[in-house]
Amino acid sequence: MLLRVEDAAGKRLEVTASSLGGGRVQVCAIDGLEARFTGELPTLIIRNQDRPGMVAEVTGVLSKRQVNIATMQLYRDMRGGLAVMVIESDQPIWAAAVQELRACPGIERVTYLNMEGED
């Protein structure tokens, strides 16, 4: 399924997903960039510039806030272009950590999903 959404401010998002059966869904791409996750764990989707140090910046913020990474996947459209980090964690991620990530140079968008609704 291809889902295109736009918020009141005009920000657009395009998500491609597929059914895994039993009511489970797997996201396959975000805005045309590959990304594979189900959202069953607290999940960060970070769009950033593909440049050295971005992974270290993100993991440093999470480490400082005692967030344990369960899985991490990296995707990019091309060298030096846009990249996506998909990070699933063992526990909910504090709103302050999400805000700190959004303020990092080179990070274009941070989306946080927590199906349990805990922050």
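Arginine 47 lies in strand 5, which covers residues 43-49, in what is a predicted model. Is arginine 47 buried or exposed? Its relative accessibility is 11%, and because the limit for a buried residue is under 20% relative accessible area, arginine 47 counts as buried. Beyond its neighbours within four places in sequence, arginine 47 is in contact with residues from several parts of the chain. Ile30, Asp31 and Leu33 are among them, as are Leu82, Ala83 and Val84. The list is completed by Ile107, Glu108 and Arg109.

The wider chain gives this strand its setting. The chain holds two helices and eight strands. Read from the N terminus, the order of these elements is β-β-β-β-β-α-β-β-α-β. Of the contacts with a separation of 6 or more, 52% are made between residues 24 or more positions apart in the chain.

A second residue worth attention is glutamine 66, which is found in the loop that links helix 1 (54-64) to strand 6 (69-76). What is the phi of glutamine 66? The angle is near 60°, a positive value in a residue that is not glycine. In general, most residues other than glycine have a negative phi. Glutamine 66 has a relative accessible area of 66%; since the term exposed applies over 50%, glutamine 66 is classed as exposed.

The UniProt record, in an unreviewed entry, lists residues 43-115 as "domain: ACT". Within the model, the C-alpha atoms at the two ends of residues 43-115 are 9 Å apart. Helix makes up 26% of that span and strand 41%.

The overall dimensions can be considered next. The C-alpha trace extends over about 35 × 30 × 30 Å along its principal axes. How does the radius of gyration relate to that of a compact globule? For 119 residues, a compact globule would have a value near 14 Å, and the chain has 14 Å, so the two agree.

Burial and surface complete the description. Among the 119 residues of the chain, 35% count as buried. The chain exposes about 7000 Å², and 52% of that area is supplied by carbon and sulfur atoms. As for charge, the chain carries 13 positive and 16 negative charges, and the mean positions of the two sets are 6 Å apart.

Methods. Residues are numbered from 1 along each chain as its sequence is written. This is a predicted model: local features need pLDDT of at least 70, side-chain atom pairs count only at pLDDT 80 or more; totals for chains, interfaces and linings use all residues. Side-chain values use heavy atoms; hydrogens and water are left out. Helices (H or I, at least four residues) and strands (E, at least two) are DSSP runs, numbered from the N terminus. The radius of gyration is taken over C-alpha atoms; the globule rule is 2.2 Å times the number of residues to the power 0.38. Buried means under 20% relative accessible area, exposed over 50%, partly exposed in between (1.4 Å probe, protein chains only). Contact means heavy atoms within 4.5 Å. Accessible areas come from the Shrake-Rupley method with a 1.4 Å probe; for residues, only the protein chains shown count as cover. Lys and Arg count as positive and Asp and Glu as negative; His and the chain ends are not counted. The place of a charge is taken as NZ of Lys, CZ of Arg, CG of Asp or CD of Glu. UniProt positions are given in the numbering used here, feature names are shortened, and annotations may be inferred rather than shown by experiment.
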